[in-house]
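Reader: I am new to this one and would love a guided tour. Could we go through it together, one question at a time?

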Amino acid sequence: MSATTQPRLTDIGPPHYEKYLHPLIKKNYGQWKYHENLAPGIYCHVAESGDRIYTVRAGTPRLLSIQTLRIFADLADKYSGGYLRFTSRNNLEFLLDDPARIEPLKQELIALGYPVGGTNNAISNIVHTQGWIHCHSSATDASGLVKCVMDAVYDRFTHEDLPAKLRIAVACCLNMCGAVHCSDIAILGVHRLPPKIQPTLPRVCEVPTLIAACPTGAIRPATVDGKNSVAVVEQQCMYCGNCYTVCPAMPMNDAENDGLSIWVGGKVSNARSAPMFSKLAIPFLPNNPPRWPEVVEAVVKIVDVYAKHARKYERVGEWIERIGWPRFFQLTGFEFTRYHIDDFKHAALTYARSAHVRY
Amino acid sequence: MPDDRPKTELLDELEKGPWPSFVKEIKSAGQTSASAQDLLRQLELSYQEKKGHWKHGGLVGVLGYGGGVIGRYSDAGEQFPDVAQFHTIRVNQPAGWFYTSEALRTICDIWERHGSGLTNMHGSTGDLILLGTRTAELEPAFQELAQAGFDLGGSGSSFRTPSCCVGMARCEWACYDAMKLCYDLTMAYQDEMHRPPFPYKFKVKCAACPNDCVAAIARADLSIIGTWRDDIQVDESAVTGYASAGLNIQKDVCDLCPSRCMAWDGHKLSIENRECVRCMHCINVMPKALRPGKERGAVIMIGGKAPIMQGALLSSVLVPFVPADELLDTLKELIRRVWDFWDEYGNNRERVGELIQRVGLPAFLDGIGLDPVPEMVSAPRDNPYIFYQAAKEGEK
């Protein structure tokens, strides 16, 4: 109705952030002096003016109903003057000016089922993709994996007892719509069979686009029943699903052969070591919904071994660099296979090019 | 009355355990939304078959925009008619993901009228995601959002919705105003965001310090990472305070400094600032005692991306330092030159980082008119295959 009575609006951009800032934040914007971590999930930021703003952080499943968002809004009205925000890892944060309200808010969040934590040397919430909830190329579900892994490492979210922060990500295919490639632990859905080309390509599928979509040049033009189509050089396919993204007649999903791979040691922060990519730990685990026991076991194993052996401040990748990959495989019991050795572009950069061997 | 609620034996397993459950969320949306119920039914089938049931199928969107909506169709639409069309609307989030309760309720009310009642807070790029609606609801939902002050984000080969860390709003380490820069860049490129003009997507992320809480270096074609050029600010009495409180400054700070630029004699911390690489470790460990310098700005990096197509890349240094107050103008000029070069030479579905890999950083620098500086490389080349250029006229 409003659209007919008011002029149609376009390109107005997002609302200006200032209208959503807590008055204390607006007053001390750019004038923060230091912060303290009062407890897991609780920060106090102190401004040059002496003002203090308290943050209470809670984990969410990212997929939220409007019913739950309204509950969050009510909590914000009750405890934080109506001000709240979300973090880059799908946590919810309430911004309080009164420290006396921290504990009641925390207790109410916990009672509602939203754990308080995720700060400092904890496992924060898992960055993840859509999976079977909404994605066409997913090899697995993402929300389900996140739920199972976070159930298993729940105490690591509510406590800060790891050597350093630990960031987990889940992506349901090689497109990696999440920072999976730079996470301490990454869970990646994989296909293992080339696309099954359907007999006739619909009009939306253009042969040149399809050929260009393949990272390894595995797609070639072909004539099928006198019509323009494509063929896949199967040995060259690494199952990324990119062709399926540009052409629905190249489906990848395969219940028996799709599964998960586990990657470790990535980071984005510049603290101490430079940012690093995650590296392959386990090339394949079965896709086993609804609770994915094999994946959960592998992640818990990595976390436990890391917690036991890493030094203070060492991220997973830094710890492995110090002890060496042979010891990582020994400590975790994961098998080292031919799949762990890179054979794509620049592969030789990852080969051991020194006589530095730990015995 | 028969119980026609979805039967979800497998998904019910995901309501168990301490972490908040997305299944519970879909069920609560299902109280008022038929599409949330069908989503649950289709998802249960996916869990049974270990297979997704979504497909692409033609572009959908709102009038005059070429992006902001992800078209999604069920491949089992007859079985699950209420998710036969289940498109996603990407709503450009407020910078820093700050909201008021009132703003959240406004979004909820619009989405109750026009969609499934399910959201993602937030999507991987940063947008507020409204998950699942029919084609006919897109335009009305968009116009109600616009009247409430919200607009759509980017999708496809467009300027994607920029995102930023919390920055100066609540962090003492912010070396530039990341929320303002994020907002200003978003407003400057509304056309490029809503009408995809590029060979492929272009992502910008603003991180106000080298801790990079928005993963700018890994996830953005253009990564703007705050840093400083002068000396780390030291409060000596606070350093002593940390030491007497039990912090092992030698072991936990000096020994972990990547350029070994710090020394601790038991009383005084000395820093060779010329050798400091601005990694943030010492500041992270002693936030009350150490702070970034006063001459603040950002390092501009280019080319980061996830694997598709030619492999994952981290962004690399393009401009080692831009003072905070010059950032917006410098970036606008730089972005114009990068887009011109990419338009001219980029292949279809080739990100800027991959274009640089293909043509080489020197040719890219020539193309955008930037002089090479040693900060751009970890080391000079170690191979002698140099393609010498003929001397230009007037040069020796």
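What follows is a short conversation about the two chains and how they meet.

Reader: Before we start, what ipTM does the predictor give the complex?

Author: Good place to begin, since this is a predicted model. For chain B, the pLDDT averages 95, and 98% of the residues score at least 70. For the complex, the predictor gives a pTM of 0.96 and an ipTM of 0.96.

Reader: How much area do chain A and chain B bury between them?

Author: Let's start with who takes part: 116 residues of chain A and 119 residues of chain B are in the contact. Tyr20(A), Trp132(A) and His134(A) supply 7% of the area that chain A buries against chain B, more than any other three residues. Carbon and sulfur atoms account for 59% of the area buried between the two chains, which comes to about 10,500 Å².

Reader: Which helix of chain A gives the largest share of the side that touches chain B?

Author: Polar links are a helpful way in: the rule finds 68 residue pairs in polar contact across the interface, and 10 salt bridges there. On the chain A side, the residues divide into 58 nonpolar, 39 polar and 19 charged. The largest share, nine residues, comes from residues 66-79, that is, helix α3 of chain A.

Reader: Which residue of chain A forms a salt bridge with Asp109(B)?

Author: The structure holds 39 salt bridges over all chains. In this one, the N to O distance is 2.8 Å between Asp109(B) and Arg70(A). Asp109(B) lies in helix α4 (residues 101-114) of chain B and its partner in helix α3 of chain A, so the pair joins two chains. The partner is Arg70(A).

Reader: And which residue of chain B forms a salt bridge with Asp74(A)?

Author: This pair also belongs to chain A and chain B, with the closest N and O atoms 2.8 Å apart. The partner of Asp74(A) is Arg105(B).

Reader: What is the bridge partner of Tyr83(A) in β5(B)?

Author: Here a strand from each chain takes part: β5 (residues 83-86) of chain A pairs with β5 (residues 98-100) of chain B. The sense is antiparallel, over three bridges. In β5(B), the partner of Tyr83(A) is Thr100(B).

Reader: Which strands stand at the edges of the five-stranded open sheet in chain B?

Author: The sheet has mixed pairing and runs in the order β8-β9-β10-β15-β16. Two of its strands have a single partner strand each, so one side of each is left without a neighbour in the sheet. Those edge strands of chain B are β8 (163-164) and β16 (316-323).

Reader: In β9(B), what is the bridge partner of Cys164(B)?

Author: We can stay with β8(B), which pairs with β9 (residues 204-207) of chain B in the parallel sense over two bridges. In β9(B), the partner of Cys164(B) is Cys206(B).

Reader: Where is the cis peptide bond in chain A that involves Pro290(A)?

Author: Most residues other than glycine have a negative phi, and most peptide bonds are trans. Pro290(A) lies in the loop between β13 (279-286) and α9 (293-309) of chain A. With omega at about 5°, the cis bond joins Pro290(A) to Pro289(A).

Reader: And what is the phi of Lys50(B)?

Author: Lys50(B) sits in the loop between α3 (34-49) and β1 (54-55) of chain B. Although Lys50(B) is not a glycine, its phi is positive, at about 55°.

Notes: Residues are numbered from 1 along each chain as its sequence is written. Chains are lettered from A and ligands numbered from 1 in the order in which they are written. This is a predicted model: local features need pLDDT of at least 70, side-chain atom pairs count only at pLDDT 80 or more; totals for chains, interfaces and linings use all residues. Side-chain values use heavy atoms; hydrogens and water are left out. Contact means heavy atoms within 4.5 Å. Buried area is the accessible area (1.4 Å probe) that two parts lose on being put together, summed over both. A salt bridge is a side-chain nitrogen of Lys or Arg within 4 Å of a carboxyl oxygen of Asp or Glu. A polar contact is a pair of N or O atoms within 3.5 Å; within protein, one must be able to donate a hydrogen and the other to accept it, and residues adjacent in sequence count only if both atoms are side-chain atoms. Helices (H or I, at least four residues) and strands (E, at least two) are DSSP runs, numbered from the N terminus. Ala, Val, Leu, Ile, Met, Phe, Trp, Tyr, Cys and Pro count as nonpolar, Asp, Glu, Lys and Arg as charged, and the others, Gly among them, as polar. Two strands pair if DSSP finds at least two bridges between them. pLDDT is the predictor's confidence in each residue, from 0 to 100.
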